[in-house]
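Reader: I've got this one open on my screen and I'd like a close look at a single part rather than a full tour. Could you pick one helix, set it in context, and then walk me through one loop residue as well?

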Amino acid sequence: MTSVLKLPHLWRTLKEADLAAIRRDADRRFEVLVVAEEAADAARLAEMLTGADRAHPWLVPSTPDGARDRMAPAGLDAAILLSRSEDLSPSLAAARDALHGAGVPLVTVVCGAATATSSVVRPGEAARAVVPALDTQGVPAIAEAIVSAFDPALRLALARQLPPLRPAMVTALIDEAAKANATYALTTGLAEVVPVLDLPLNLADMVVLTKNQLIMSYKIALASGKKGQPRELIGEVMGVIGGGFLFRQAARQLVGLVPVAGIVPKVAMAYAGTWAVGRAVAVWASEGRRLTPAAVRRFYREAWGRGKTVARAMGAQARRAAPKRSWFRRKRPAPRG
């Protein structure tokens, strides 16, 4: 059955995802405004996000006056505001309102002692991060806020250009792909309850889930700064995690051939397999080392518990959404007589 996953066929399927468009997103120019009351603070934050002693040229430090003057945001992709208190000063608040009115996604970074309300997002902000000091230890919290607030295409370009943001961006890519594959597995698992559909849908699952894993892996490679043509990078990914692991993991989706009882394990496997592949690729892309098959399997085991939790939550949501036509309950036999 796994013959449908031979590499030439998989590559033809993968090309339908328009890898060139993903590469364009990763290589695109961006302009992100970094605004603080003091120009030195804005420059320092930009340097922290760049990971160097000089800010990336596409991060533009600014004071509130400079930000408010930017009323025509052509080319401006996002903005990051730095405040020394949880309540913005009048000048920062005015800059926030002007940027928000122009449709610019905005993250506010509060630097200083945290209070119970300092992390609460205010009107006009897409997300907030609270950091104790303006140093590199605060970067992970800022990166998580950026992940939650900015467009995925912009996040890919930011990760490629700004190494300190990569761990949070890569984690988001893996989590999103794992949940997407789990959702797909749930959807086809429900349809597979119809006996005539189970085999063709499971065979299609092998291709779709593996394709999604490889697209995720390609994005991780680009986010980590890897160079090369799409086919070269995909070939490297296959060498890192081993085509055999991908194919075996996809073949496990055939557990869905067990009607109804196989849905939750199938969804959990889709999540765990995708998460394991993503972590293995992330280690290779960021550290340059290839993991042993045993290490990849360890990632899979670590993700299995998380996958079961996701699967049960999705199953419960599906039951609540369609209580009158539950695929999870067997039909009771009609009473005799």
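Author: Accessible areas here come from the Shrake-Rupley method with a 1.4 Å probe. On that footing, the protein exposes about 16,000 Å², with carbon and sulfur atoms supplying 56% of it. Keep in mind that this is a predicted model. For context, there are 337 residues, and 50% of them count as buried. The secondary structure comes to 13 helices and five strands. Take the contacts with a separation of 6 or more: 72% of these join residues 24 or more positions apart.

Now the helix. Let's go with H3, which covers residues 39–50. Its 12 residues, at 1.5 Å each, should span 16 Å, and the end C-alpha atoms sit 17 Å apart, so the two agree. On the buried side of the tally you'll find Asp41, Ala42, Leu45, Ala46, Met48, Leu49 and Thr50. Those buried residues pack against three strands, S1 (32–36), S2 (59–62) and S3 (78–83), and also against helix H6 (139–149). Just after H3 comes Gly51, with a positive phi of about 80°.

As for the loop residue, try Asp77, in the loop between helix H4 (64–68) and S3. Its side chain makes a polar contact with the Arg28 side chain at 2.3 Å. A polar atom of the Asp77 side chain also lies 2.9 Å from the backbone nitrogen of Glu31. Setting aside neighbours within four places in sequence, Asp77 has contacts that include Arg29, Phe30, Val104, Pro105 and Leu154.

Conventions: Residues are numbered from 1 along each chain as its sequence is written. This is a predicted model: local features need pLDDT of at least 70, side-chain atom pairs count only at pLDDT 80 or more; totals for chains, interfaces and linings use all residues. Side-chain values use heavy atoms; hydrogens and water are left out. Helices (H or I, at least four residues) and strands (E, at least two) are DSSP runs, numbered from the N terminus. The expected span of a helix is 1.5 Å times one less than its number of residues. Buried means under 20% relative accessible area, exposed over 50%, partly exposed in between (1.4 Å probe, protein chains only). Contact means heavy atoms within 4.5 Å. A polar contact is a pair of N or O atoms within 3.5 Å; within protein, one must be able to donate a hydrogen and the other to accept it, and residues adjacent in sequence count only if both atoms are side-chain atoms.
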